[in-house]
Amino acid sequence: MPIFHRSPSATGRLALALWLTLLCNPLHTYAAGQMPPDTATVLPPEVTRALNAAGLPPGQFAVAVQAVDAAAPRLLHNATRPMNPASVMKLVTTYAGLDLLGPGYFWKTRVYTSGYVKGGVLHGNLLIQGSGDPKLVRERLAELIEAIRAKGITAIDGDIVLDRSVFKLPPHDPAAFDDDPLRPYNAGPDGLLVNFKSLVFHFSPEPRRRQARVEVEPPIAGIDLPATVPTAGGACGDWKTRLALDFSNPGAPRFKGRYPARCGAQSWAVAYPEPDGYAPRVIEAMWRAAGGALSGQVRWQQQPVRGQPLVTGLSLPLGEVVHDINLYSNNVMAQQLFLTLSAAGDGRGSFAESTNTLKRWWRERFGLRAAPVIGNGSGLSREGRITAAALVALLQQAAAGPHAEVFERSLPIAGVSGTLRRLAARSPGSEAIGNARLKTGSLRDVAAIAGYAWGRSGQVYAVVGLVNDPNADAARPALDRLVEWAVRDQ
């Protein structure tokens, strides 16, 4: 079995050895086009057979496999060709975040007051200033509200004012990428991102009443939500389509269809169709649910808020955020981290400034090697580009650095966790199961993997496979065979 849980001392010794190897390794100083030729090695026969079975030309497949402490590659194929990596691009964002900010970095949601407090009443406004926290979910927002109440404020004779000015963002169209604006992965980043701007509908069938109870979280103010939906017979099947959610009126969503009773209890996350109204509505509902009174409204303010400091809510540490980004391939969390690269400190983050920050970091870490076209940092982009050789270099440096264990543990285990769980069903008995940690990427015309494989010999390999082709979805077996080949290194 792979050594996923090396002792700190062993990890430190390996990291030092790898770091010294990489510093002295001429392979990591090649500019684009100066890598060893891609034809230096031939694709393994099992990978070629899988490509042929999928009808994929080898020219649309880029591969790089290299031991993490080796100067020479084990396998290269089209390794210097820029390819769209889809969500594999999150490896660039998360490694840069760990390297530049450190795994112990915290985002801070600061709360201020204007006015005065008397008898538990704030006579003035409560001001909430975001710093781009990627995971300010319901539970942590509830903790922040409780901290405010613990300061003696139970009523607000004024407004709750929200400040998201830490990020300078262009208008976001959640339908622009794939014309599916209700998908949570299409939610846009925000300086005060609350609960991913999504609602989760929970369905519980009540057979005697021929209906399913509907519960929604988090609580949201000013929305007329359905309490039940009629049930239907038949197989569960595509139950979301059968429900026919109608969100044309954001203030009163309705289900035009029926819920199949055989589905049992299910949940459905949906992006709120008026994202600018989401945080004010949720914060108001949660403040009132906690017993707080409010005479005014919850509203955005364009300029940074000013007032007397009251409390500060800390995010999860960056190391845990990186884990969630890579394990669950969370797009908006990745974009929040990417924007933070230029917003950390007292600055204001933007996609352009974070792109510049990443380019500078890339030059410092990888010299003349061509920098990736990073897009929005999440891989949810048609413009993103990186080479397989560049990804292997990144994986090698990550394995050699001080945050190697944090980075490695953020990657799903093949056939076991996260986005790699399906491997066990797709390839039962695969030698890759339990012997690799990999980030996957999927878009229309894109399939990709990148991460680490533990060979039978005990050697650890950086493995990258990128497919850009209209038939890319059929290439998953070829990527599976690539990882199996890396594991079977004898």
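This passage describes helix packing, a pocket and two local backbone features in a predicted model.

Three helix pairs are considered, beginning with helix α3, which spans residues 90-101, and helix α8, which spans residues 331-343; the two pack at an angle of about 40 degrees, with their axes 10 Å apart. Because an angle of this value falls outside the ranges counted as roughly parallel, roughly antiparallel or roughly perpendicular, α3 is oblique to α8. The crossing in which α3 passes α8 is left-handed. On the α3 side the contact is formed by Lys90, Thr93, Thr94, Ala96, Gly97, Leu100 and Leu101, and on the α8 side by Asn331, Ala334, Leu337, Phe338, Thr340 and Leu341. Divided by class, the residues of this contact between α3 and α8 comprise seven nonpolar, five polar and one charged.

The second pair consists of helix α4 (residues 138-150) and helix α6 (residues 275-289), whose axes lie 10 Å apart and whose packing angle is about 55 degrees. The two helices α4 and α6 are therefore oblique to each other, and the crossing in which α4 passes α6 is right-handed. From α4, the residues Arg138, Leu141, Ala142, Ile145, Ile148 and Arg149 meet Val282, Ile283, Met286 and Trp287 of α6. In the contact of α4 with α6 there are eight nonpolar residues and two charged residues, with no polar residue.

In the third pair, helix α9 (residues 351-366) and helix α10 (residues 388-400) cross at roughly 75 degrees, and their axes come within 12 Å. Because angles of 65 to 115 degrees are counted as roughly perpendicular, α9 is described as roughly perpendicular to α10. The residues that meet are Trp361, Trp362, Arg365 and Phe366 in α9 and Ala390, Ala393, Leu394 and Gln397 in α10. By class, the contact of α9 with α10 contains six nonpolar residues, one polar residue and one charged residue.

Apart from the helix pairs, the second largest pocket encloses about 890 Å³ of space. Its lining is made up of 37 residues, of which Pro170, Pro171, His172, Gly188 and Pro189 are the closest to the centre of the pocket. The lining of the second largest pocket divides into 19 nonpolar, ten polar and eight charged residues.

Two features of the backbone remain to be described, both set against a general background in which most residues other than glycine have a negative phi and most peptide bonds are trans. The residue Asp179, although not a glycine, has a positive phi of about 60 degrees, and Asp179 is placed in the loop between β8 (160-163) and β9 (198-206). The peptide bond that runs from Glu217 to Pro218 is cis, with an omega near -5 degrees, and Pro218 lies in the loop between β10 (211-217) and β11 (228-232).

Methods. Residues numbered from 1 in each chain as written. Predicted model: local features only at pLDDT ≥ 70, side-chain atom pairs only at ≥ 80, totals over all residues. Heavy atoms only, no water. 1 Å grid on protein atoms, 1.4 Å probe; cavity = no way out; pocket = protein on both sides within 12 Å on 5 of 7 lines; lining within 4 Å. Points joined across faces, edges and corners; volume = space filled by probe spheres on them. Nonpolar A, V, L, I, M, F, W, Y, C, P; charged D, E, K, R; others polar. Axes fitted to C-alpha atoms, helices over the stretch in contact; angles between N-to-C directions. Helix = DSSP H or I, 4+ residues; strand = E, 2+ residues; numbered from the N terminus. Parallel < 35°, antiparallel > 145°, perpendicular 65-115°, else oblique. Left-handed = near helix turned anticlockwise from the far one by under 90°. Contact = heavy atoms within 4.5 Å.
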